[in-house]
Amino acid sequence: MAQDMTEKELRKMELDQLKKEVKNERQMISKTGKELVEYIESMAAEDPLLKGIPEDKNPFKEKGGCIIN
């Protein structure tokens with residue numbers, strides 16, 4: 001798609017995107033970083049990547065073994 005656009009069209013698209021981004025409210029990383037760490041720590045007990053998935057609830061466990069006669 002971008003290969004088919006002229007330089008002027010690309011610059012206009014970039015300018016439009018920058019106009020949208022400049023309207024975003026900014027916050028200090030010192031505040032948002034603390035909030036992010038607190039959220040991650042509060043959700044850690046429920047995180048399946050940290051605590052694992054019980055075998056009976058694992059949708060990806062193998063249903064049966066290989067049987068060779």
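Of the 69 residues that make up the protein chain, 1% count as buried. The structure described here is a predicted model, and this figure for burial is a useful point from which to read the rest of it.

The secondary structure may be taken next. The protein chain contains three helices and zero strands, and its elements follow the order α-α-α from the N terminus on. The radius of gyration of the protein chain is 24 Å, well over the 11 Å that the globule rule gives for 69 residues, so the chain is more spread out than a compact globule. Along the principal axes, the C-alpha atoms of the protein chain fill a box of roughly 70 × 40 × 15 Å.

The surface can be described in terms of area and of charge. About 7,300 Å² of the protein chain is exposed, and carbon and sulfur atoms supply 59% of this area. The protein chain also carries 13 positive and 15 negative charges, and the mean positions of these two sets are 5 Å apart.

Some of these charged side chains pair with one another. Under the criterion of a side-chain nitrogen of Lys or Arg within 4 Å of a carboxyl oxygen of Asp or Glu, the count comes to four salt bridges. Three of the pairings are followed here through helix α1, which spans residues 7-22.

Which residue does R11 meet in a salt bridge at 2.7 Å, N to O? The partner is E7, through its side chain. Both R11 and E7 belong to helix α1, where they stand four residues apart, about one turn of the helix. E7 has a relative accessible area of 48% and is partly exposed, because that value falls between the limits of 20% for buried and 50% for exposed.

R11 has a further partner in E14, with the closest N and O atoms 3.1 Å apart. This pair also lies in helix α1, R11 and E14 being three residues apart, about one turn of the helix. E14, at 41% relative accessibility, counts as partly exposed.

A separate pairing in the helix joins K12 to D16, and their closest N and O atoms are 3.1 Å apart. K12 and D16 are four residues apart in helix α1, again about one turn of the helix. The two partners fall into separate classes of exposure: K12 is exposed, with a relative accessible area of 51%, whereas D16, at 30% relative accessibility, counts as partly exposed. Salt bridges that share partners join E7, R11 and E14 into one network.

Beyond helix α1, the chain passes into a loop. E25 is found in this loop, between α1 and α2. Is E25 buried or exposed? At 69% relative accessibility, E25 counts as exposed. E25 and K12 are 13 residues apart along the chain, and a distance of 23 Å separates their C-alpha atoms.

Helix α2 covers residues 29-43 and includes I40. Together with L36, Y39 and M43, I40 forms a nonpolar patch on the surface. The accessible area of L36, Y39, I40 and M43 together is about 400 Å².

In summary, the predicted model shows a chain of three helices and zero strands that is more spread out than a compact globule. Helix α1 holds the pairs R11 and E7, R11 and E14, and K12 and D16, while the surface also bears a nonpolar patch formed by L36, Y39, I40 and M43.

Notes: Residues numbered from 1 in each chain as written. Predicted model: local features only at pLDDT ≥ 70, side-chain atom pairs only at ≥ 80, totals over all residues. Heavy atoms only, no water. Helix = DSSP H or I, 4+ residues; strand = E, 2+ residues; numbered from the N terminus. Buried < 20%, exposed > 50% of the residue type's maximum accessible area, 1.4 Å probe, protein only. Patch = residues over 30% accessible without salt bridge, like charges linked within 9 Å, V, L, I, M, F, W, Y side chains within 5 Å. Areas by Shrake-Rupley, 256 points an atom, 1.4 Å probe, with all protein chains shown as cover. Rg over C-alpha atoms; globule rule 2.2 N^0.38 Å. Lys, Arg positive; Asp, Glu negative; His and termini not counted. Charge placed at Lys NZ, Arg CZ, Asp CG, Glu CD.
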